Amino acid sequence: MAGEAIYYGTGRRKNAIARVRLVPGTGKVTVNGKDAVAYFGRQQLVDSATEPFRVTDTEGHFDVIARCNGGGISGQSGALRHGISRALLSAGEYRSELKKAGFLTRDSRVVERKKYGLKKARKRPQFSKR
C-alpha cells in the first residue's frame, strides 16, 4: 500500500456532511463502515452518489471510504456525491466533465425556518371571518 495516492474531498448537502477518501481499487463503496447499499437501504441513492464516476469514466478505478453524518439518507447521498466529485478533482483532469454535469456546485437549498405566528415556515393558521 506504500506510495498509493489517496484523494480527499468534503461534500455537503442540507445538513449532511460527507468526508470522502478515494483509494485506487475496484469500485467498492463503504459508508460509515458499512457497504453503501446496506447503509442507504436503496440502490437509487447509491447510484446517484456514484454518478461522478460514470461521468468521468472512472467506474471501478477507486474504492470510496466515506464518513457521513447529519441530515437524512437523501442529504447524505447528495453530500457523498459532492465529496466524490471534489476528491476526483485532485485525482485527475476531470473538472470540465464534473462542472458540466453540475456536481461541483454545493446545493444551497436548506429547510426554511419556522416563523412565529405561523404553523410552519409559510402555512398560516386557518382564517375565520366570524
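Two strands count as paired if DSSP finds at least two bridges between them. Strands themselves (E, at least two residues) and helices (H or I, at least four) are DSSP runs, numbered from the N terminus.

Before you start, note that this is a predicted model: local features need pLDDT of at least 70 and side-chain atom pairs count only at pLDDT 80 or more, while totals for chains, interfaces and linings use all residues. Residues are numbered from 1 along each chain as its sequence is written, and side-chain values use heavy atoms, with hydrogens and water left out.

**Exercise 1. Work out the order of the strands in the sheet, and say which strands stand at the edges.**

Step 1. Start with the inventory: the protein has five helices and five strands. Read from the N terminus, they come as β-β-β-β-α-α-α-β-α-α.

Step 2. Now go through some pairs. Strand 1 and strand 2 run antiparallel and are joined by seven bridges; here Y7 sits opposite L22 in strand 2.

Step 3. Strand 2 (residues 16-24) is also antiparallel to strand 5 (residues 62-69), with eight bridges between them. In this pair, A18 faces C68 of strand 5.

Step 4. On to strand 3 (residues 29-31), which pairs with strand 5 in the parallel sense through three bridges. Look for V31 opposite A66 in strand 5.

Step 5. Put it together: the five strands make an open sheet in the order 1-2-5-3-4, with mixed pairing. Strand 1 and strand 4 (34-35) are at the edges, because each has a single partner strand, so one side of each has no neighbour in the sheet.

A bit of background: strands of a sheet pair through backbone hydrogen bonds, either parallel or antiparallel.

**Exercise 2. Compare the radius of gyration of the protein with that of a compact globule of 130 residues.**

Step 1. The radius of gyration is taken over C-alpha atoms, and the globule rule is 2.2 Å times the number of residues to the power 0.38.

Step 2. For 130 residues, a compact globule would come out near 14 Å, but this protein has 18 Å.

Step 3. Check the spans too: along its principal axes, the C-alpha trace covers about 75 × 30 × 25 Å.

**Exercise 3. Decide whether A36, S85 and A5 are buried, partly exposed or exposed, and list their contacts.**

Step 1. Get the cut-offs straight: buried means under 20% relative accessible area, exposed means over 50%, and partly exposed is in between (1.4 Å probe, protein chains only). Contact means heavy atoms within 4.5 Å.

Step 2. A36 belongs to helix 1 (residues 36-40). With a relative accessible area of 3%, A36 is buried. Leaving out neighbours within four places in sequence, A36 touches V29, V31, G41 and V46. The C-alpha atoms of A36 and I65 are 9.7 Å apart, with their positions 29 residues apart along the chain.

Step 3. S85 lies in helix 4 (residues 73-91). S85 is at 0% relative accessibility, so it counts as buried. Its contacts, again leaving aside neighbours within four places in sequence, are P52, L98, F103 and L104.

Step 4. A5 sits in the segment before strand 1. At 32% relative accessible area, A5 is partly exposed. Beyond its neighbours within four places in sequence, A5 is in contact with L22, V23 and P24.

Step 5. For the whole protein, buried residues make up 35% of the 130 residues.

**Exercise 4. Find where K14 and D57 lie, and give their phi values.**

Step 1. A reminder first: most residues other than glycine have a negative phi.

Step 2. K14 is in the loop between strand 1 (7-13) and strand 2. Its phi is near 50 degrees, a positive value in a residue other than glycine. K14 is partly exposed, at 42% relative accessible area.

Step 3. D57 is in the loop between helix 3 (51-55) and strand 5. D57 isn't a glycine, yet its phi is positive, at about 55 degrees. With a relative accessible area of 66%, D57 is exposed.

**Exercise 5. Count the positive and negative side chains, and find how far apart the centres of the two sets lie.**

Step 1. Lys and Arg count as positive and Asp and Glu as negative; His and the chain ends are not counted. Each charge is placed at NZ of Lys, CZ of Arg, CG of Asp or CD of Glu.

Step 2. The protein has 27 positive and 11 negative side chains, and the centres of the two sets are 20 Å apart.
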